[in-house]
Amino acid sequence: MDWSYDYKVSLYFAVKDVLSNSNTQDCILWALNYKLFENRLVNNKYAINLNLYRPEYNTNPNLTAQKGLFTFLEFYVGNYESPLDKIISDELKYDLADRSKGEEYDLHIITVPPNLSQDDTILYKLIIPKELKAEILNELYLDGYSEEYLFPGYDGVSKHVMNEVKLKNLSSIYSLGELN
């Protein structure tokens, strides 16, 4: 799963479908409390099954612009059709309930981070109504969060120009109350 340290980047990806989909639906913006997992390595392995990966930004201009962070479940064999919050919370509950400090697991030591408890909020779920997507995207564009910024290069610039026209048309329709 890919994430961004910049919530406006994530918000852009959550609402951008409004430009190409007239039947857009509400969307979800997830926020991960990644600080709970930072520096939780034991023998170069993460202490729980939720792994963080920070790629080298200097080799990829898109990653630099998007401020990417990736998570993955190294040992997950469950149903990927389940909702994200269920997959991650089930994994963390397993880690917290069944892996006590010092327990051996897959040839390395598993240690649950001492600051992590079942009461911690790992994920935050924000539902964005479909009616607000065009307005949010317009505000992001005004703040410089568009294809031109997020996808550096000629392709990003050309997509931005085309999408800005679509967004202006869409915004005028929404402001007149013709679309709901």
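**View 1. Leu 52 and its partner across the β5–β6 pair.** Here we're zoomed in on Leu 52, whose bridge partner in β6 is Thr 71. Next along, Tyr 53 has Phe 70 of β6 as its bridge partner. Keep in mind that this is a predicted model. The two strands run antiparallel, and four bridges join β5 to β6, the strand covering residues 68-73.

**View 2. The other pairing of β6, this time with β1.** Trp 3 is the residue to look for: it stands opposite Leu 69 in β6. Three bridges hold the β1–β6 pairing, and its sense is antiparallel.

**View 3. The whole three-stranded sheet.** Put the two pairings together and you get an open sheet of three strands, ordered β1-β6-β5, with antiparallel pairing. At its edges sit β1 (2-4) and β5 (50-53), each of which pairs on one side only. On average, and ignoring direction, neighbouring strands in this sheet are turned by 30 degrees against each other.

**View 4. Helix α1 against helix α4.** How do the axes of α1 and α4 cross, and within what distance do they come? They come within 10 Å, and the crossing angle is roughly 140 degrees, with α4 spanning residues 133-142. That angle makes α1 oblique to α4. As for handedness, α1 passes α4 in a left-handed crossing.

**View 5. Who touches whom between α1 and α4.** From α1, the contact takes in Lys 8, Leu 11, Tyr 12, Ala 14 and Val 15. Facing them from α4 are Lys 133, Ile 136, Leu 137, Leu 140 and Tyr 141. Sort the residues of this contact by type and you find eight nonpolar, two charged and no polar.

**View 6. Where the prediction is confident, and where it isn't.** The protein's average pLDDT is 76, and 69% of the residues score at least 70. Which elements mark the two ends of the scale, by lowest and highest mean pLDDT? Helix α1 (residues 7-15) has the highest mean at 94, while strand β8 (residues 108-110) has the lowest at 42. Over residues 99-112 the pLDDT is below 50, though the model gives this stretch 29 contacts beyond near neighbours in sequence.

**View 7. A second low-scoring stretch, residues 176-180.** Here, too, pLDDT stays under 50. Beyond four places in sequence, the model has four contacts for these residues.

Notes:
Residues numbered from 1 in each chain as written. Predicted model: local features only at pLDDT ≥ 70, side-chain atom pairs only at ≥ 80, totals over all residues. Heavy atoms only, no water. Pairing = 2+ DSSP bridges. Axes fitted to C-alpha atoms, helices over the stretch in contact; angles between N-to-C directions. pLDDT = per-residue confidence, 0-100. Contact = heavy atoms within 4.5 Å. Parallel < 35°, antiparallel > 145°, perpendicular 65-115°, else oblique. Left-handed = near helix turned anticlockwise from the far one by under 90°. Nonpolar A, V, L, I, M, F, W, Y, C, P; charged D, E, K, R; others polar.
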